[in-house]
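Me: I should like to go through the terms applied to this model and ask what supports each of them. Please set each value against its criterion.

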Amino acid sequence: MMEDIRNLGEIQLSCLREVGNIGAGHAATSLSKLLQSEIHMNVPRVCVVGFDEIADVVGGAEQVVIGIFLRVEGELPSSIFFLLHQESAKRLVSGLVGSYGSGDQEEFTEMEISALQEIGNILAGSYLSSLADFTKKDMQPTPPAISVDMAGAILSIGLIQLGPVSDYALVVDTEFRQGDLEIHGHFFLLPDPGSVNLLFESLGVASV
Amino acid sequence: MNVIRVGMADVGTASSPDSLRTTGLGSCVGIALYDPYAKVAGLAHIMLPTATSAEEKNRAKYANTAVPMLIQMMEQIGANKRRIVAKLAGGAQMFTFAGQSDLMRIGPRNVEAVKQALSAFTIRITAEDTGGNCGRTIELSGVDGSLLIRTAKQGVTTI
């Protein structure tokens, strides 16, 4: 039985918020260590959005963003995106790549791209390992892939799995900020159809 | 002149001088149909190649169901399917992974399914900008059927 995510109740929503909170808390700690600076995160926003609205949180379908994408394989297949605006991405990696950065140029250097991929890897890895501990489910991220392009085009790959069963996506969105450096990033978890109920089952919450 | 917005998994029609626009095509395909005599335009933004169940509610989501749906909508406002020609854009592969899974090949599969659906109605494809690895925003003119394509990296072209 495929769940209808539009029927999520308050208990399920707060369960998902908690899942996001725990995952993102660990991810923020790992990122703080890597960058040696404080990373803040907001309480995750859990929402069910139409396919068309999914890019709104980063400025609309046409907004050019850096998208780091991973698939989660294992018992709770999902898609993970880490989305940043260009300026934020540059600031985020500037300390890591030093003079190998591109400065004010629009293009990213190879070093910046691989630093961003590594950040995606670390974020997703720590997010998932805490989620796996919490749910007792096996979850493995694929290596991250990166694209600098329109947000709608990037996110649509995460909707392909949902397309055959729904016109809506369940998004657990966590916003990151780095101290006073004005870095905003969004971390999206998009569970595949079927994964949502499995997640609830593993946590002893009624399914939808 | 109005610009009518077509969403993801959505279809729309317009008559001259209005135009149709859809944003952020990645692996999705924009099917731009035009009847140059009636000056009627139709645009679909499909996500997936083939509807697997006949009960599928949103026919605009799939190549094989969106094409007949769009033709019918265009005929309702004066187009004739014998005159309709097509232009395609999209079907990109946004990410490259080491293992080439079916998920990653969805763009080319979408383009292939659109071409099959169009050939079933003997609709000729006069131009296409498909594949590659970039997102596209497209606008179909109801005045002359020209298709404006904007990308993040390679600027603007018209086909």
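The exchange below concerns a predicted model and takes up its chains, helix packing, sheet and backbone.

Me: What makes chain A as compact as a globular protein of its length?

Reply: Chain A has five helices and eight strands, and their order along the sequence is α-β-β-β-β-α-α-β-β-α-β-β-α. The radius of gyration of chain A is 17 Å, and the globule rule gives 17 Å for 208 residues; the two values are close, so chain A is as compact as a globular protein of that length. Along the principal axes, the C-alpha atoms of chain A fill a box of roughly 55 × 35 × 30 Å.

Me: How do you know that chain B is as compact as a globular protein of its length?

Reply: Chain B comprises two helices and ten strands, arranged along the sequence as β-β-β-β-β-α-β-α-β-β-β-β. For 159 residues the globule rule gives 15 Å, and the radius of gyration of chain B is 15 Å, close to that value; therefore chain B is as compact as a globular protein of that length. The C-alpha trace of chain B spans about 50 × 40 × 25 Å along its principal axes.

Me: Why is α1(A) called oblique to α3(A)?

Reply: The axes of helix α1 (residues 10-35) of chain A and helix α3 (residues 110-135) of chain A cross at roughly 140 degrees and come within 8 Å. An angle has to be over 145 degrees to count as roughly antiparallel, and the roughly perpendicular range is 65 to 115 degrees. The angle of roughly 140 degrees belongs to neither class, which makes α1(A) oblique to α3(A). The crossing is right-handed.

Me: Which residues make the contact of α1(A) with α3(A), and how do they divide by class?

Reply: On α1(A) the contact includes Val19(A), Ile22(A), Gly23(A) and Leu34(A). On α3(A) it includes Ile119(A), Ser126(A), Tyr127(A) and Phe134(A). The residues of this contact divide into twelve nonpolar, five polar and no charged. Gly23(A) belongs to the polar class, since glycine is placed there.

Me: What makes α1(B) oblique to α2(B)?

Reply: α1(B) and α2(B) pack at an angle of about 40 degrees, with their axes 8 Å apart. Roughly parallel requires an angle under 35 degrees, and roughly perpendicular begins at 65 degrees. About 40 degrees meets neither criterion, so α1(B) is oblique to α2(B). α1(B) passes α2(B) in a right-handed crossing. The contact is made by Ala63(B), Asn64(B) and Val67(B) of α1(B) together with Asn110(B), Ala113(B), Val114(B), Ala117(B) and Leu118(B) of α2(B). Six of these residues are nonpolar, two are polar and none is charged.

Me: Why are β2 and β7 of chain B said to stand at the edges?

Reply: The five strands of this open sheet in chain B have the order β2-β5-β4-β6-β7, with mixed pairing. β2 (10-15) and β7 (124-130) each have a single partner strand, so one side of each is left without a neighbour in the sheet. Direction ignored, neighbouring strands of the sheet are turned by 15 degrees against each other on average.

Me: How do you know that β6(B) and β7(B) pair?

Reply: Pairing requires at least two bridges between the strands. Six bridges join strand β6 (residues 85-90) of chain B to β7(B), and the two run parallel. Val85(B) stands opposite Arg124(B) in β7(B).

Me: Where do the helices of chain B lie with respect to the strands?

Reply: Helix α1 (residues 63-76) of chain B lies across β2, β4 (29-35) and β5 (40-46), and runs at about 160 degrees to β5(B). Helix α2 (residues 106-120) of chain B packs on the sheet and touches β4, β5, β6 and β7; its direction makes about 25 degrees with that of β4(B).

Me: What makes the backbone at Pro17(B) and Ala9(B) worth a remark?

Reply: Most residues other than glycine have a negative phi, and most peptide bonds are trans. The peptide bond from Ser16(B) to Pro17(B) is cis, with omega near 5 degrees, and Pro17(B) lies in the loop between β2 and β3 of chain B. Ala9(B) is not a glycine, yet has a positive phi of about 55 degrees; its place is in the loop between β1 (3-5) and β2 of chain B.

How values were computed: Residues are numbered from 1 along each chain as its sequence is written. Chains are lettered from A and ligands numbered from 1 in the order in which they are written. This is a predicted model: local features need pLDDT of at least 70, side-chain atom pairs count only at pLDDT 80 or more; totals for chains, interfaces and linings use all residues. Axes are lines fitted to C-alpha atoms, for helices over the stretch in contact, and angles run from 0 to 180 degrees between N-to-C directions. Helices (H or I, at least four residues) and strands (E, at least two) are DSSP runs, numbered from the N terminus. A crossing is left-handed if the near helix is turned anticlockwise from the far one by less than a right angle, and right-handed if clockwise. Two residues are in contact if their C-beta atoms, placed from the backbone, lie within 7 Å. The radius of gyration is taken over C-alpha atoms; the globule rule is 2.2 Å times the number of residues to the power 0.38.
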